[in-house]
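Open the model in your viewer and show it as a cartoon. The stops below can be selected one after another.

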Amino acid sequence: MARLNTPAARILLGLIVPVLILFWWQAQSAQGGGRALAFVPLQQVGATLVAQLSSGFLLGDALATLSRAVTGLLLGGLAGTVLGVAMAMSRPLDRVVGPLYHAVRQVPLLGWLPLIGLWVGNGDEAKLLIVGLAAFYPTVLNSYEGIRTVERRYAEVAQLFGFSAVQRFAHVLLPAALPLILTGVAQALAFAWIATIGTEMLFGADAGLGATMGVAQAQQRMDIILVAILAAASLGFTLHYSITTLRHHLLRWQPAIN
């Protein structure tokens with residue numbers, strides 16, 4: 001069992017299901033007819049991937065999508081963290097803003113599309129607003145819960161040492177709440193990435209993986225759709241891994257869980 005915990009063993013175990021899916025996909029494509037359209041041969045997908053990389057289209061789409069996702073995450077995540085912390089530390093603000101926040105977050109993002117389209121059109125501003133909202137909701141909730149669930153004994157120790165309000169927040173509340181805050185950021189990243197791809201498909205864009213998927217669907221180019229999905233999955237995994245690595249670094253003082 002110890003050998004299964006090595007990095008190489010974990011990688012090999014993680015490849016079992018993808019490899020089986022690839023064999024199944026190729027078997028479906030070999031049956032011809034309508035299946036050849038729905039299940040494009042892997043060699044055709046590979047050729048399309050090489051062509052998209054050589055032309056620079058795939059890189060341009062990936063960078064455009066990445067830029068929208070990161071910008072929306074920064075704007076929505078920062079605003080959500082600030083609001084969540086402020087609501088947790090101010091009971092009057094929580095009573096005034098809390099009910100509105102909990103009511104608004106029940107509305108699916110797709111439900112805001114018609115209103116946002118009327119307000120700001122369907123350009124990049126609308127896309128960033130939706131992506132920002134996707135990142136805003138989880139960061140508010142996790143930041144709020146992170147501050148509110150700090151153990152009272154920590155606050156008592158800060159009071160004993162005569163900490164000011166700023167010192168109490170910086171040295172007691174924030175470090176104790178950081179695990180939940182970073183969990184909210186990780187959730188916000190996932191939602192922001194999904195929202196970015198979705199808005200590009202619905203609103204269209206000059207460049208972007210979602211826009212490419214929408215155009216390829218209209219043209220029945222399954223090979224281009226799969227290449228765009230592969231790029232989106234690779235970028236999404238890289239972002240998730242980066243956030244996870246940053247989280248482990250910032251919380252390196254916590255005991256590891258095996």
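This tour goes from the whole chain to one helix, then to the core and a single residue.

**Whole chain.** Keep everything selected; this is a predicted model. The protein has 11 helices and 0 strands, so in this count, where helices and strands are DSSP runs, the pattern along the sequence is α-α-α-α-α-α-α-α-α-α-α. Its C-alpha atoms fill a box of roughly 75 × 60 × 30 Å along the principal axes. The radius of gyration is 23 Å, whereas a compact globule of 258 residues would have one near 18 Å. Switch on the surface: about 15,700 Å² is exposed, and carbon and sulfur atoms supply 69% of that area. Of the 258 residues, 34% count as buried. Among contacts with a separation of 6 or more, 71% join residues 24 or more positions apart.

**Helix 9.** Select 165-203, which is helix 9. How far apart are the end C-alpha atoms of this helix? They are only 46 Å apart, although a straight helix of 39 residues would reach 57 Å at 1.5 Å a residue. Now centre on Leu178, where helix 9 bends by about 55 degrees. A proline, Pro179, follows within four residues. Move on to Gly204, just after the helix, which takes a positive phi of about 80 degrees.

**Ile181.** Go back into helix 9 and pick Ile181. Is Ile181 buried or exposed? Ile181 counts as buried because its relative accessibility is 8%, and the cut-off for buried is under 20%. Leaving out residues up to four places away in sequence, Ile181 touches Thr81, Asn142, Ser143 and Leu174. For a distance check, add Ala207: Ile181 and Ala207 are 26 residues apart in sequence, and their C-alpha atoms lie 32 Å apart in space.

**The core.** Next, select Leu73, Ile130, Ile147, Leu209 and Ala232 and show their side chains; these have the most contacts inside the largest nonpolar core, which has 41 residues. Helices 4, 6, 7, 9, 10 and 11 each supply at least two residues of this core. Which helix gives the largest share? Helix 7 does, with 11 residues; colour 124-148 to see helix 7.

**Leu209.** End at Leu209 and display what surrounds this residue. Apart from neighbours within four places in sequence, Leu209 is in contact with Leu58, Asp61, Ala62 and Thr65, with Ile197 and Glu200, and with Ala228, Ala231, Ala232 and Leu235. One of these contacts, Ala232, is listed with Leu209 among the residues with the most contacts inside the core.

Terms used. Residues are numbered from 1 along each chain as its sequence is written. This is a predicted model: local features need pLDDT of at least 70, side-chain atom pairs count only at pLDDT 80 or more; totals for chains, interfaces and linings use all residues. Side-chain values use heavy atoms; hydrogens and water are left out. A nonpolar core is a set of buried Ala, Val, Leu, Ile, Met, Phe, Trp, Tyr and Cys residues joined through side-chain atoms within 4.5 Å. Buried means under 20% relative accessible area, exposed over 50%, partly exposed in between (1.4 Å probe, protein chains only). Contact means heavy atoms within 4.5 Å. The expected span of a helix is 1.5 Å times one less than its number of residues. The bend at a residue is the angle between axes fitted to the seven residues ending there and the seven starting there. The radius of gyration is taken over C-alpha atoms; the globule rule is 2.2 Å times the number of residues to the power 0.38. Accessible areas come from the Shrake-Rupley method with a 1.4 Å probe; for residues, only the protein chains shown count as cover.
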